[in-house]
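Me: Please take a close look at the disulfides with me, and then at the spots where the backbone does something unusual. I am in my first year, and plain words would help.

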Amino acid sequence: MSKGTRARSRLKARLVAVAAALAVPLGGMVVLATTADAAGEVTAAYAKGSAWDTGFNGQWIIENGTDSVTDGWTLEWEFPAGTEVTSLWNGVLTRDGNHYTVTNESWNGTLNPGATATVGFGASGDGEPLNCTINGRPCSGGPVDPDPTGGTTDGGSSTGSTDGGSSEGSSEGSSEGSSEGGTDGGADSGGSTGGTDPDPVDPGAYVNLGYFTEWGIYQRDYQVRNIASSGSAEKLTHINYAFGNVQGGKCVMGDSYAATDKAFTAAESVDGVADTWDQPLRGNFNQLKKLKQQYPHLKILWSFGGWTWSGGFGEAMQNPAAFARSCYELVNDPRWEGVFDGIDLDWEYPNACGEKCDTSGPRAFGDMMKAFRTAFGDQLVTAAITADASAGGKIDASDYAYGAQHADYISVMAYDFFGAWAAQGPTAPHSPLTPYDGIPQDGFTADQAIQKLKAQGVPADKLLLGIGFYGRGWTGVTQSAPGGTATGPAPGTYEQGIEDYKVLAARCPATGTVAGTAYAKCGSEWWSYDTPETIRAKMAYARQQGLGGAFFWELNGDTADGELITAMHTGLQQ
């Protein structure tokens, strides 16, 4: 059986298991749908999922029962007094009293015959929807067995793209792409030893990757053990260790003390065992090795480059084979054998300007990936790339399709589009999913980046959608909505204009959403960041586009209980 066949078989079994689990009523699930024959109509069915004392979660499943492609949809309903929507994802909500209208996002309005789109929401109260219409006609359709967290239970109908893809095709493509790319082995590991991985993920189904920063163990006090204690290790599939440097045409270590020498106490250690002075390997590398022993499904890559350490790539690419060989020897050094499963290359940016400018040419990125594939063989070879889809921008400057031929996956850094480096504003979300009226720069959205990369010829199932676990903000702002003026960057714990989600969620809670992400106005400060709700919607987008999964920068920004990683994990599984 080929890897692709095994991946599809695993996925089909997983979907059957999910459907079986959902057949059990969850929190008083109630499906509101008529039994009328709905052939030839666009229909909408409602399900009430988990409920608590003061509210509940619900969802609408919109199905195209016609024999032609839809071009947008409009869903309307009413709630009785005392019940109101408090959050919504996968749609654009407007409200007039107790009347709610939801229109499609740019990416889920086009539905092929038989395809569905799902709208999820949170609500207060306990009322049921009344007078539902879809495209001006009564909502009617047969009973469904929906997933109240926002997915489809049959794994084969949701689509948001205009290229005719379905989630069945997308899921199988993602699964096969991941397993062919070298993640197949982890799918059969069955979780961790010692019962510490109770809900192991299937890395052959999607990628959920997070960056761990080498320097984060100091002032930030985020240790490898926190990945486990937060409950995140069992929900991740891959970890990128950031960063190694590129100097003199070679890969070199960043902070060797943090990586291999620092002695961790029992309280700081993954397994509760303190390092000793005479053990051959200490530091983060030894802790990562212990983490893999407890969670054997995890794949760990050493990432080289980043914003400040990308300046050496151009010189190194004067001899790609020697560059790749030096990196292979460092990543696979016998002193830390078994820690790393491959390499991640974060060149910011080939044939374009980051902190420094590069003129290596449009083929340089692909030449690099080809050389590294030759050197690393069947180990993982990945890259993080720009999301600048502006006309003549950074995506246009490089042949990413050529590079993708030799990559297991490509992480699209769909964040940091806007920030307080423009000190007077206008205020704008740093990680918009889609364009919106008044956006400061066309092409600075995740969807536009994904579509441009697809058009270049990058396979969708090799693309990972980037999420930032932090916010960017301004001060001196009086306007709540995006587009306001400012006097400078807002104060941050470690750097002006940037702050971790775990801090902002408590100090400056979200007050609105725009373009698939959240923003917050508190006092004179204005921040934008992703929340669990917007992340789940972005994961729905990733699934509907047939992407290979998602990744985030970086682990330390999440809450102590892994709130954002959980949102990514559940969102990708739906």
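Reply: Let's begin with a term you will meet often: a residue is buried under 20% relative accessible area, exposed over 50%, and partly exposed in between (1.4 Å probe, protein chains only). The model is predicted, with local features needing pLDDT of at least 70 and side-chain atom pairs pLDDT 80 or more, while totals for chains, interfaces and linings use all residues. Residues are numbered from 1 along each chain as its sequence is written, and side-chain values use heavy atoms, without hydrogens and water.

Now to the disulfides, meaning pairs of cysteine sulfur atoms within 2.5 Å. This structure has four of them. If you number the bonded cysteines of the protein chain in sequence order, they pair as 1-2, 3-4, 5-6, 7-8. Let's visit three of the links.

Start with Cys 132 and Cys 139, whose sulfur atoms sit 1.8 Å from each other. The torsion about their S-S bond is about -60°, and therefore this disulfide is left-handed. Cys 132 has a relative accessibility of 16%, so it counts as buried. Cys 139 is buried too, because its relative accessibility is 14%.

Just before Cys 132 in the numbering, look at Asn 131. Its phi is positive, at about 55°, although Asn 131 is not a glycine. You will find Asn 131 in strand 9, which covers residues 130-134; helices (H or I, at least four residues) and strands (E, at least two) are DSSP runs, numbered from the N terminus. Asn 131 counts as exposed because its relative accessibility is 56%.

Next comes the link between Cys 353 and Cys 357, where the sulfur atoms are 1.9 Å apart. With 110° about the S-S bond, this disulfide is right-handed. Cys 353 reaches 38% relative accessibility, so it is partly exposed. Cys 357 has 57%, and therefore counts as exposed.

This part of the chain also holds a backbone detail, at Asn 351. Here phi is near 55°, again a positive value in a residue other than glycine. Asn 351 belongs to the loop that runs between strand 15 (342-346) and helix 8 (364-376). The relative accessible area of Asn 351 is 21%, so this residue is partly exposed.

The last link on our visit joins Cys 508 to Cys 522, with 2.1 Å from S to S. The value about this S-S bond is -110°, and the link is left-handed. The pair connects distant parts of the chain, 14 residues apart: Cys 508 is in the loop between helix 11 (501-507) and strand 22 (512-514), whereas Cys 522 is in strand 23 (residues 517-522). Cys 508 is buried because its relative accessibility is 0%. Cys 522, in contrast, has a relative accessible area of 21%, so it is partly exposed.

To finish, here are two peptide bonds for you to find in the model. The bond from Ala 242 to Phe 243 is cis, with omega near -5°. Phe 243 is part of strand 12, residues 238-247. Gly 425 and Pro 426 are likewise joined by a cis peptide bond, with omega about 5°. Pro 426 lies in the loop between strand 17 (409-412) and helix 10 (446-456).
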